[in-house]
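Hi,

Here is the structure I promised to pass on to you. Please have it open while you read, and you will find my notes underneath.

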Amino acid sequence: MSNADTGNTARAIRVVIVDDHAIFRSGLKADLDPAILVAGEAGTVEEAVAVIAAVRPDVVLLDVHLPGGLGGGGREVIAGSIPLLATTRFLALSVSDAAEDVVSVIRAGARGYVTKTISGAEISDAVRRVAGGDAVFSPRLAGFVLDAFGTAPADIADDELDRLSARELEVMRLIARGYSYKEVAKELFISIKTVETHVSAVLRKLQLSSRHELTRWAAERRLL
């Protein structure tokens, strides 16, 4: 079965894989969910910019350190694709978990950053979430982004937090840090369905519409 054959009528998420190691690209392509179509590949900055412009994918899986260009690596690929940022989202995928790499590529316009230690199922979930508009980070990397982009502590009206139960507050913090529903469920020893219910309640009570807004809301209040 090819990646394009999803077995249903849902449109496949189209991705481009950008990494200078062909073996890694092949392995990642094989590990991705069948509903994710690899529409192009590239191994250098110049190749990546050209392929992304030609293919116009939903998501670009982007290695942070790439040969070519002016030494900007993943940042340079994003800079060369600025006209497409409204429709194409970039998810950094790297062996590096250095704060400067994470912050640099997010400042350039990436919607998330995950390390190459995650599984095929996890990267597939990250692709779906980024394609849907969420910001996605490996849990331990979220703090770098919050430190870099968080604003000064805001005054928190007591009634803002009073709207949330103790369990909802726990779920909110983990989701805002970039944990997946499955990771939250494992951390709190509850079912994924229960996590979904809590997240819906949190978003409703705080009048937010997405995980991205929730992360910003929590960061502004230094709740993480």
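S1 and S2 run parallel to each other, and 6 bridges pair them. One of the partnerships puts Val15 opposite Val38 in S2. Between the two strands comes helix H1 (residues 22–31), and S1, H1 and S2 together form a β-α-β unit that is right-handed. Do keep in mind throughout that this is a predicted model.

Those two strands belong to an open sheet of 6 strands, with parallel pairing and the order S2-S1-S3-S4-S5-S6. Its edges are strand S2 (36–42) and S6, each of which pairs on one side only. For the whole protein, the secondary structure comes to 11 helices and 6 strands.

On to the other end of the sheet. Strand S4 (residues 89–94) pairs with S5 over 4 bridges, again in the parallel sense, and Leu93 has Val114 as its bridge partner in S5. On to S6: S5 and strand S6 (residues 136–137) run parallel and are joined by 2 bridges. There, Gly112 is partnered by Val136 of S6. The connection is one to look at in your viewer: from S5 the chain passes through helix H5 (residues 120–131) to S6, and this β-α-β crossover is left-handed. The unit made by S1, H1 and S2, by contrast, is right-handed.

S5 itself deserves a moment. In a regular strand, side chains alternate between the two faces of the sheet. In strand S5 (residues 112–115), Gly112 and Val114 point one way while Tyr113 and Thr115 point the other, and all are buried.

Which residues touch the most other members of the largest nonpolar core? They are Val18, Ile52, Leu62, Val77, Phe90, Val105 and Tyr113, in a core of 24 residues. At least two residues each come from strand S1 (13–18), helix H2 (45–55), strand S3 (59–62), helix H3 (74–79), S4 and helix H4 (99–108). H2 gives the most to this core, with 5 residues. Apart from it lies another core, of 19 residues, including Leu188, Val195, Leu206 and Ala218.

Two members of the largest core show how it is put together. Leaving aside neighbours within four places in sequence, Val105 is in contact with Arg75, Ile78, Ala92, Ala110 and Tyr113. Val77 is the other, and its place is in helix H3. Why does Val77 count as buried? Its relative accessibility is 0%, so Val77 falls under the 20% cut-off. Again leaving aside neighbours within four places in sequence, Val77 is in contact with Val45, Ala48, Val49, Ile52, Leu62, Leu66 and Phe90. Val77 and Val49 are 28 residues apart in sequence, and their C-alpha atoms are 5.7 Å apart in space.

Gly80, in the loop between H3 and S4, makes a useful counterpart. Is Gly80 buried or partly exposed? Gly80 is partly exposed, because its relative accessible area of 39% lies between the 20% and 50% limits. Its C-alpha is separated by 9.1 Å from that of Ala48, and the two residues are 32 apart along the chain.

Further along, helix H8 (residues 166–176) has Glu168, Val171, Met172, Leu174, Ile175 and Ala176 as its buried residues. Just after H8, Gly178 takes a positive phi of about 105°.

A couple of notes on rings, in case you plan to look at them. The count of aromatic pairs comes to 0. There is a charge over a ring, though: Lys116 lies over the face of Phe24, at 4.2 Å from the ring centre.

Finally, some totals. The protein has 224 residues, of which 46% count as buried. Among contacts with a separation of 6 or more, 65% are between residues 24 or more positions apart.

Happy to go through any of this with you.

Best wishes

Methods. Residues numbered from 1 in each chain as written. Predicted model: local features only at pLDDT ≥ 70, side-chain atom pairs only at ≥ 80, totals over all residues. Heavy atoms only, no water. Phe/Tyr/Trp six-rings, centres within 6.5 Å; stacked < 30°, edge-to-face > 60°. Lys NZ or Arg CZ within 6 Å of the ring centre and 35° of its normal. Buried < 20%, exposed > 50% of the residue type's maximum accessible area, 1.4 Å probe, protein only. Pairing = 2+ DSSP bridges. Right-handed = clockwise from strand over helix to strand, strands pointing away. Core = buried A, V, L, I, M, F, W, Y, C linked by side-chain atoms within 4.5 Å. Contact = heavy atoms within 4.5 Å.
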